[in-house]
Structure formats: structure tokens, C-alpha cells
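Me: I am new to this structure and would like a close look at a single part of it. Please take one residue and work outwards from there to its surroundings.

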Amino acid sequence: TAGPIISPSILAADFAALGQEVRAVSEAGADWIHLDVMDGHFVPNITFGPDVVKALRPHSAKVFDVHLMIAPADPYLAAFAEAGADAISVHVETGPHIHRSLQTIRTLGKRVGIALNPGTPASAIEPLIDMVDLVLVMTVNPGFGGQSFIPSTLETIARIKAMTAGRAIDIEVDGGITAENVGLAAAAGANAFVAGSAVFKGGPAGYAERIAAIRAGA
Ligand code: DX5
Ligand code: ZN
């Protein structure tokens, strides 16, 4: 099996210098770049849309791991695909037609991701598991960076690991991940790790060292 995938979340980057930031973490050893899209409706915060993803695309050749925290998501899926997303994750909680959203992402030729909140049981995604390349397990309540990892999500990760046995599905964790706790998520079954504050806090001189420390802990 391949090594851990580290996906720095630019939510914690300097928004006035996003192109430079994406370039810097790419050069510092990021495997994927995690882009958090928030609508002020599904989550209580607003970030950016497809035009920003498009503007960042020339700054990195890494996988653009787009996390949509928007409802509805369907009207925007094509725009994110065209903007340069490689993987698009939609939340299972965003509406009654999540199956259709996943079908649409597949049709657009992108990696299909399903995300779930800490309050959502693993069983909620069971009927969808054969449709996805990626399960994004929220380990904080989405909306903000810098929150603490919620330990009960370890059980969700383990259940999804069992559910995906024998399949080529990445299990990604997102929220409050640090070099200290990443090993717990890895032991439960995660192989991809989003980190915002743990990478960006402290500035660009430390990006390589902090990414390496998270990788070493996983
Ligand atoms: C939370 C976002 C996360 C966030 C993680 O809503 O989905 O990707 O940026 O930030 P940290 O690592 O600081 O918890
Ligand atoms: Zn995220």
C-alpha cells in the first residue's frame, strides 16, 4: 500500500497571497491541496468559489482536493470540474439526492468523494460506497479551521474502513489533525490527512518540516 497522503487546507493560508501559498505547500511536500468551499448556509462561514479554484490551478500540479460545504451542490459541480478540481467531495447531509450528485461528479470525470459530519453515522454512506473513490470523514464540525479533533470520529473511521475493505477507496480525515494525533486516525484506518492550522500556522519557513512531521506521525 502507498504511504500517507497529506492534504494541506488553504483555509488556514494567507488569503491575500493564495497563489504563493499553494505554490509554497506544493514545493514543501504536500501530496494534495485541500480547498474548502463554504456557502454560509450549509456551514456558518463563507470562503470562495470556482473562480478562485481556477485562479489557483496554474500554481500547482498537485491533486486539487475540493471539499464542498454547500447546499445545494449540484448547480456548481460542473463549474468546479471546469475550474480544475481533481477530486470533488459533497456532503451526504446536503439533501435527498446525494446519489445524483455523486453520479454527476463521475460523469464529469473527477474523483468522487462523499463527506460526512461528526454527527452522521457511517451507515449513512453505506448505500453509496460503490460510487466513490474517497470518503471524507469530518473530525470537527465543518465551518472553521483551528478546532479540536473530536475523538468519537475514530469509531466512524473504523466503521468506514471495514465497509471499504477490498476496495480502492481513500479514507481522508479533516479537522484538528496534528502531528500528535494523526497516528490515531491512521490506526483507525485513514490514509489521507487534511491539515490546515498544523501546516500553515507559523508561516512558510516551517511548511516542509510540519508536513514531514504529520507524515511521520501517520
Ligand atoms: C473545516 C474544514 C477543514 C479545515 C481544517 O470546515 O473542512 O478543512 O480547514 O482546518 P484545521 O486543520 O485547522 O482543523
Ligand atoms: Zn475541508
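Reply: In this predicted model, D174 touches H67, L136, M138, T139 and V194, leaving aside residues up to four places away in sequence. D174 lies in strand β7, which covers residues 170-174, and it is buried, because 27 other C-beta atoms lie within 10 Å, where 20 or more are needed.

One of its contacts, H67, has its place in strand β3 (residues 63-69) and counts as buried too, with 28 C-beta neighbours inside 10 Å. Residues up to four places away in sequence again set aside, H67 touches H34, L35, D36, V37, S89, A115, L136 and D174.

Several of these names return in the UniProt record, an unreviewed entry, which lists H34, D36, H67 and D174 under "binding site". Although these four span 141 residues in sequence, no two of their C-alpha atoms are more than 10.5 Å apart, so they gather at one spot.

As for the wider setting, eight strands form an open sheet with parallel pairing, in the order β1-β8-β7-β6-β5-β4-β3-β2. At the edges stand β1 (5-8) and β2 (32-38), each with a single partner strand, so one side of each has no neighbour in the sheet. On average, neighbouring strands are turned by 25° against each other, direction ignored.

Returning to β7, two bridges join this strand to β8 (residues 192-195), and the two run parallel; within β8, F193 is the bridge partner of V173. Helix α8, residues 207-217, lies across β1 and β8 and runs at about 140° to β1.

Key:
Residues are numbered from 1 along each chain as its sequence is written. Chains are lettered from A and ligands numbered from 1 in the order in which they are written. This is a predicted model: local features need pLDDT of at least 70, side-chain atom pairs count only at pLDDT 80 or more; totals for chains, interfaces and linings use all residues. UniProt positions are given in the numbering used here, feature names are shortened, and annotations may be inferred rather than shown by experiment. Helices (H or I, at least four residues) and strands (E, at least two) are DSSP runs, numbered from the N terminus. A residue is buried if 20 or more other C-beta atoms lie within 10 Å of its own, exposed if 12 or fewer, and partly exposed in between; C-beta atoms are placed from the backbone. Two residues are in contact if their C-beta atoms, placed from the backbone, lie within 7 Å. Two strands pair if DSSP finds at least two bridges between them. Axes are lines fitted to C-alpha atoms, for helices over the stretch in contact, and angles run from 0 to 180 degrees between N-to-C directions.
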